[in-house]
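Here are some exercises to work through with the model open beside you. Try each task before you read its solution.

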Amino acid sequence: ENSLQKTSTCSSVNPSGVFVSPYALNLSSFTKLIKRLQERHPGFSRDEIVEAVQKVRKINKGVLSGLAISSIEEKTSAIL
C-alpha cells in the first residue's frame, strides 16, 4: 500500500501544490473585499485596509463568518 496515494478528508492540496487548510479563510472573498475597499478608499494602503478589516473581526467576537461582505465593507469603511 502506497501512503502517497492516500487522501485526507481534512485537507487538500490545490493544483499549484500548496497545502490548503480546511480552516483557511476564503481568500477569494477576502481578496474581493480588499479590492472593493481599495477602490472605495484609494487614499489608504492595503495594510491599513486589512488592519481595519481585522478590527471589524475583533468587534464581531473574532469572526467575520455570518456577516455579509457588504456589511463587512460598511463597517470597515466606518473605521477607515
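**Warm-up: Lys-75**

Lys-75 counts as partly exposed, at 40% relative accessibility; buried means under 20% relative accessible area, exposed over 50%, and partly exposed in between (1.4 Å probe, protein chains only). A word on the source before going on: this is a predicted model, in which local features need pLDDT of at least 70 and side-chain atom pairs count only at pLDDT 80 or more, while totals for chains, interfaces and linings use all residues. Residues are numbered from 1 along each chain as its sequence is written, and side-chain values use heavy atoms, with hydrogens and water left out.

**Exercise 1. Place Lys-75 in its surroundings: find its helix and its contacts.**

Step 1. Locate the residue: Lys-75 is in helix α3. Helices (H or I, at least four residues) and strands (E, at least two) are DSSP runs, numbered from the N terminus.

Step 2. List the contacts, where contact means heavy atoms within 4.5 Å. Leaving aside neighbours within four places in sequence, Lys-75 is in contact with Val-56 and Leu-67.

Step 3. Check a distance: the C-alpha atoms of Lys-75 and Lys-55 are separated by 9.4 Å, and these residues are 20 apart along the chain.

**Exercise 2. Describe the secondary structure of the chain.**

Step 1. Count the elements: there are three helices and two strands.

Step 2. Put them in order along the sequence, which gives the pattern β-β-α-α-α.

Step 3. Add the burial: of the 80 residues of the chain, 19% count as buried.

Step 4. Look at contacts between residues at least 6 apart in sequence: 40% of them join residues at least 24 apart.

**Exercise 3. Find the salt bridges and work out which parts they tie together.**

Step 1. Set the criterion: a salt bridge is a side-chain nitrogen of Lys or Arg within 4 Å of a carboxyl oxygen of Asp or Glu. Searching the whole structure turns up three salt bridges.

Step 2. Take Glu-73 and Arg-36, whose closest N and O atoms are 2.5 Å apart. Glu-73 lies in helix α3 (residues 69–79) and Arg-36 in helix α1 (residues 27–40), so this pair ties together parts that are 37 residues apart in sequence. Glu-73 is buried, at a relative accessible area of 8%, whereas Arg-36 is partly exposed, at 39%.

Step 3. Glu-73 also forms a salt bridge with Arg-40, with the closest N and O atoms 3.2 Å apart. Since Glu-73 lies in α3 and Arg-40 in α1, the pair ties together parts that are 33 residues apart in sequence. Arg-40 is partly exposed, at 38% relative accessibility.

Step 4. Finish with Glu-74 and Arg-40, where the closest N and O atoms are 3.1 Å apart. Here too helix α3 holds the Glu and helix α1 the Arg, so parts 34 residues apart in sequence are tied together. Glu-74 is partly exposed, with a relative accessible area of 46%.

Step 5. Put the pairs together: salt bridges that share partners join Arg-36, Arg-40, Glu-73 and Glu-74 into one network.

**Exercise 4. Which residues of α3 are buried, and where do they sit on the helix?**

Step 1. The buried residues of α3 are Ile-72, Glu-73, Thr-76 and Ser-77.

Step 2. Seen down the helix axis, they fall within an arc of 135° (taken from the directions from the axis to the C-beta atoms), so they line one face of α3. As background, an α-helix has 3.6 residues a turn, so residues three or four places apart point the same way.

Step 3. Find the packing partners: the buried residues of α3 pack against α1 and α2 (46–59).

Step 4. Zoom in on Thr-76, which is buried at 0% relative accessibility. Not counting residues up to four places away in sequence, Thr-76 touches Leu-37, Ile-49, Ala-52, Val-53 and Val-56.

**Exercise 5. Name the residues through which α1 and α2 meet.**

Step 1. From α1, take Phe-30, Leu-33, Ile-34, Leu-37 and Gln-38.

Step 2. From α2, take Arg-46, Ile-49, Val-50 and Val-53, which the α1 residues meet.
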